[in-house]
Amino acid sequence: MSDDNSAAGETGVDGEKPLCDSKPRALKPGPEVNTTPSSRFLEIELELNTHLRRLTFSEPVRYIYNPLEYAWDTHRCYVEKYCQGGQRILFLGMNPGPFGMAQTGVPFGEVKSVVDWLKITGEVGHPPDEHPKRRISGLACTQSEVSGARFWGFFRKLCGEPALFFQHCFVHNLCPLIFMSASGKNLTPPELLTVEREALLALCDIALCQAVEALGVSMVIGVGRVAEQRARRALSAAGVNVRVEGIMHPSPRNPQANKGWEEVAKAKLAELGVMSLLNV
């Protein structure tokens with residue numbers, strides 16, 4: 001399941017960099033001094049990228065995009081701007097959607113929300129092998145991602161300004177890769193060959209556990225059942241003491257979400273005690 005479908009650059013982070021204005025650099029060994037939550041989070045993602053590059057995938061996969069490489073500039077802007085200490089909630093999607101994070105480098109990254117509300121800036125490049133029907137146009141993309149528009153639109157209505165949301169919450173995807181068939185059809189991780197899927201997700205599970213421990217969150221909320229179940233399994237197996245819950249995925253492929261996702265999400269978040277953190 002991708003972040004809009006229900007059903008990396010090689011750099012270390014060596015201290016503070018100008019916000020939203022850094023390029024990937026070579027990963028350097030050695031202990032970190034005064035590591036911030038955002039710098040540690042980025043290191044974890046970059047380490048994951050080095051492992052993901054070694055994987056191979058069979059048919060039906062023909063194209064693989066990793067926005068943590070070609071959209072590193074905007075992704076790093078998002079993390080440096082909004083990944084803070086003391087956040088209690090981590091919303092977790094599964095993997096990028098073709099008109100969301102694939103374009104912007106931001107989870108559930110519908111372009112208007114990313115540019116107008118989150119105020120993310122930066123350059124977006126291109127994957128090495130690009131499908132002619134699935135071009136990356138970055139922050140200039142005119143195609144809206146319904147899941148992302150629903151997700152960020154919901155929190156914009158609740159919080160007004162991003163600062164209130166990110167005071168308590170952060171948003172991440174379990175897997176940074178997007179897969180496509182020869183026709184350009186989006187392939188979700190459950191559609192991959194079992195052995196290849198498990199090799200992929202085993203690496204993503206490790207990175208998730210590292211990220212949860214680095215951020216110190218107390219609750220992971222999977223957006224969609226697959227993300228929720230994978231997070232629960234990974235964190236439990238690693239002995240990471242964190243509560244794992246879930247909310248309905250806002251995908252237009254989900255008939256229930258089309259009947260009023262915001263109300264369903266609001267009720268679930270109220271039940272989990274999250275709404276009280278987000279109301280102005």
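**A walk from the E2–E3 pairing outward**

Start with one bridge: isoleucine 89 is partnered by cysteine 169 in E3. The model is predicted, so local features need pLDDT of at least 70 and side-chain atom pairs count only at pLDDT 80 or more, while totals for chains, interfaces and linings use all residues. Residues are numbered from 1 along each chain as its sequence is written, and side-chain values use heavy atoms, with hydrogens and water left out. Helices (H or I, at least four residues) and strands (E, at least two) are DSSP runs, numbered from the N terminus.

Strand E2 spans residues 89-93. Five bridges join E2 to E3, and the two strands run parallel. E2 also pairs with strand E6 (residues 219-223), again in the parallel sense, over four bridges. Pairing here requires that DSSP find at least two bridges between the strands. Isoleucine 89 faces methionine 219 in E6. It therefore pays to look at burial next: five of the five residues of E2 are buried, so the strand is largely enclosed by the rest of the structure. Buried means under 20% relative accessible area, exposed over 50%, and partly exposed in between (1.4 Å probe, protein chains only). Ile89, Phe91 and Gly93 point one way from E2. Leu90 and Leu92 point the other way, and all are buried.

E3 tells a similar story. Five of its five residues are buried, so to speak of E3 as mostly covered is fair by the burial cut-off. Cys169, Val171 and Asn173 point one way from E3, with Phe170 and His172 pointing the other way, and all are buried.

After E2 comes a loop that leads to helix H4 (101-104), and asparagine 95 lies in it. Asparagine 95 is buried, with a relative accessible area of 0%. The C-alpha atoms of asparagine 95 and alanine 227 are separated by 9.0 Å, although the two residues are 132 places apart along the chain.

Now the core. In soluble globular proteins, nonpolar side chains tend to be buried together. A nonpolar core is a set of buried Ala, Val, Leu, Ile, Met, Phe, Trp, Tyr and Cys residues joined through side-chain atoms within 4.5 Å. The largest one here has 75 residues, and Phe91 and Phe165 have the most contacts inside it. Helix H8 (residues 194-215) supplies the largest share of this core, nine residues. A second, separate core has eight residues, among them Tyr70, Ala102, Ile136 and Met180. Leaving out residues up to four places away in sequence, phenylalanine 165 touches Phe91, Trp117, Trp152, Phe155, Cys159, Val171 and Leu278. Contact means heavy atoms within 4.5 Å.

Helix H1 (residues 37-52) comes next. H1 has 16 residues and reaches 23 Å from its first C-alpha to its last, close to the 22 Å expected at 1.5 Å a residue. The expected span is 1.5 Å times one less than the number of residues. Its buried residues include Phe41, Leu42, Ile44, Leu48 and Leu52, along with Glu43 and Glu45. The buried residues of H1 pack against helix H2 (67-70), helix H3 (72-82), strand E3 (169-173) and H8.

How do H1 and H8 cross? Their axes come within 10 Å and cross at roughly 170°. That makes H1 roughly antiparallel to H8. Axes are lines fitted to C-alpha atoms, for helices over the stretch in contact, and angles run from 0 to 180 degrees between N-to-C directions. Angles under 35 degrees count as roughly parallel, over 145 as roughly antiparallel, 65 to 115 as roughly perpendicular and the rest as oblique. On the H1 side, the residues involved include Phe41, Ile44, Leu48 and Leu52. On the H8 side, they include Leu200, Leu203, Ala207 and Ala211.

A smaller topic is the open sheet of three strands. Its order is E1-E4-E5, with antiparallel pairing. Strand E1 (63-65) and strand E5 (186-187) are the edges, each pairing on one side only. Strand E4 (residues 178-180) and E5 pair over two bridges. Phenylalanine 179 stands opposite leucine 187 in E5.

Last, some backbone details. The peptide bond from glutamate 59 to proline 60 is cis, with omega near 15°. Proline 60 sits in the loop between H1 and E1. Phenylalanine 108 is not a glycine, yet has a positive phi of about 55°. This residue is found in the loop between H4 and helix H5 (111-117). Phenylalanine 108 is buried, with a relative accessible area of 0%. Lysine 119, also not a glycine, has a positive phi of about 60°. Lysine 119 lies in the loop between H5 and helix H6 (146-159).
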